[in-house]
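Work through the exercises below with the model open. Try each task before reading its solution.

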2 protein chains.
Amino acid sequence: MARARSEERRAEILRATIEVIAERGYRGTTLGAVAERVGLTQQGLLHHFPTKEALLVAVLDERDQWDTGGGARRGEGWRLELLASLVDYNAMRPGIVQTFSALLGESVTEDHPAREFFTHRYGQVRADMAESLRDEFGERLPGGLTPEQAAPLLTAVMDGLQYQWLLDPEAVDMPVVFRHFLTLLRGGEPGPAGLSAS
Amino acid sequence: MARARSEERRAEILRATIEVIAERGYRGTTLGAVAERVGLTQQGLLHHFPTKEALLVAVLDERDQWDTGGGARRGEGWRLELLASLVDYNAMRPGIVQTFSALLGESVTEDHPAREFFTHRYGQVRADMAESLRDEFGERLPGGLTPEQAAPLLTAVMDGLQYQWLLDPEAVDMPVVFRHFLTLLRGGEPGPAGLSAS
């Protein structure tokens, strides 16, 4: 019972954090601002999440669960058209994309608390993507790569485009550029949803 | 004369910073450590570079000059085989790649001092790459993209792969994965240097 209440409170904190991120961005998302939003003292919040990094990692982990369909069969969440929709969706939520990108940047520095999360996440994402690509295309994608060759590239394109887009959203139409990459993977076929003109 | 001495000193500081980065990584590269290396007081160093961010931006800017051939004709530095060599080279210098990646991550946060550098850099890199791709392939690359479509993707793949490689160099062979992307751009042709087996 106490455990259920604690998990409920934890979920409430994560939802509040996402709101604060959307409103105030990465730097404005302090433990104090989140505590205020959920009606906790900062001490009370620290009981659930001991650092800002731990809180943000939990938010990103929760987002991954949602984005890849949670209960869906492993691999299902990464079909190419779903990835394109995910990039469309990300283009409408710069706050969480900024949080992901800023924390990923920090995580490659020495002894960073988010390093293990990202290292594990990428291993999992590459494996799940490869499995999903194999389901969708077999041993070779139409563009010629194997699922294992395509998975780290797909991941790199999604992450790399986010930086260019966050820095200059007018210059980089992230969803359109991402679809150009899908067209390459498909060997020139624009895919079910058609290729944007630009 | 004073100006020449100041520029010489500046170049010396940048070389020392690259050494400190290689030895101590992003977090260990403090203004104090750099000042000590060049035999300046921290006050003396601050006269040339007022913040750690300003110093690191100058280092990254200098690296870009070297990497893209400095005096070479605009666009020359980005031919695909040269890019592949650049990625090979980057895989041998994790310190500077880590510095680039960490600072890029920070730069997307509010009012960060490196934001303008990266925003300007990416606009320039995309334009130069597109020009270079047009020189190399004309209006369409063999894989079907125009130079302007391929440029932001090339940039995204380079940046995105660096994060995966820094986090888990055993799992991600950055130069090999990058060449898979070049193969896609070339429409399945492995290119002059041949395609690695893995």
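**Exercise 1. Locate B:Asp111 and describe its backbone and exposure.**

Step 1: place. B:Asp111 lies in the loop between H6 and H7 of chain B. Helices here are DSSP runs (H or I, at least four residues), numbered from the N terminus.

Step 2: backbone. B:Asp111 is not a glycine, yet has a positive phi of about 55°. Most residues other than glycine have a negative phi.

Step 3: exposure. B:Asp111 counts as exposed because its relative accessibility is 73%. The cut-offs are under 20% relative accessible area for buried and over 50% for exposed, with partly exposed in between (1.4 Å probe, protein chains only).

A note on the source: this is a predicted model, in which local features need pLDDT of at least 70, side-chain atom pairs count only at pLDDT 80 or more, and totals for chains, interfaces and linings use all residues. Residues are numbered from 1 along each chain as its sequence is written, chains are lettered from A in the order in which they are written, and side-chain values use heavy atoms, without hydrogens and water.

**Exercise 2. Do likewise for A:Asp111.**

Step 1: place. A:Asp111 sits in the loop between helix H6 (94-107) and helix H7 (115-137) of chain A.

Step 2: backbone. Its phi is positive, about 55°, although A:Asp111 is not a glycine.

Step 3: exposure. A:Asp111 has a relative accessible area of 74%, so it is exposed.

**Exercise 3. Is B:Thr146 buried or exposed, and which residues does B:Thr146 touch?**

Step 1: place. B:Thr146 is in the loop between helix H7 (115-137) and helix H8 (147-167) of chain B.

Step 2: accessibility. B:Thr146 counts as buried because its relative accessibility is 18%.

Step 3: contacts (heavy atoms within 4.5 Å). B:Thr146 touches B:Glu139, B:Arg140 and B:Leu141, leaving out residues up to four places away in sequence.

**Exercise 4. Characterise the interface of chain B and chain A.**

Step 1: residues. Chain B gives 42 residues to the contact, and chain A gives 42 residues.

Step 2: area. About 3,900 Å² is buried between the chains, with 66% from carbon and sulfur atoms. Buried area is the accessible area (1.4 Å probe) that two parts lose on being put together, summed over both.

Step 3: salt bridges. The count between chain B and chain A is zero. The rule asks for a side-chain nitrogen of Lys or Arg within 4 Å of a carboxyl oxygen of Asp or Glu.

Step 4: main contributor. H8(B) gives the most to the side of chain B that touches chain A, with twelve residues.

Conventions
Helix = DSSP H or I, 4+ residues; strand = E, 2+ residues; numbered from the N terminus.
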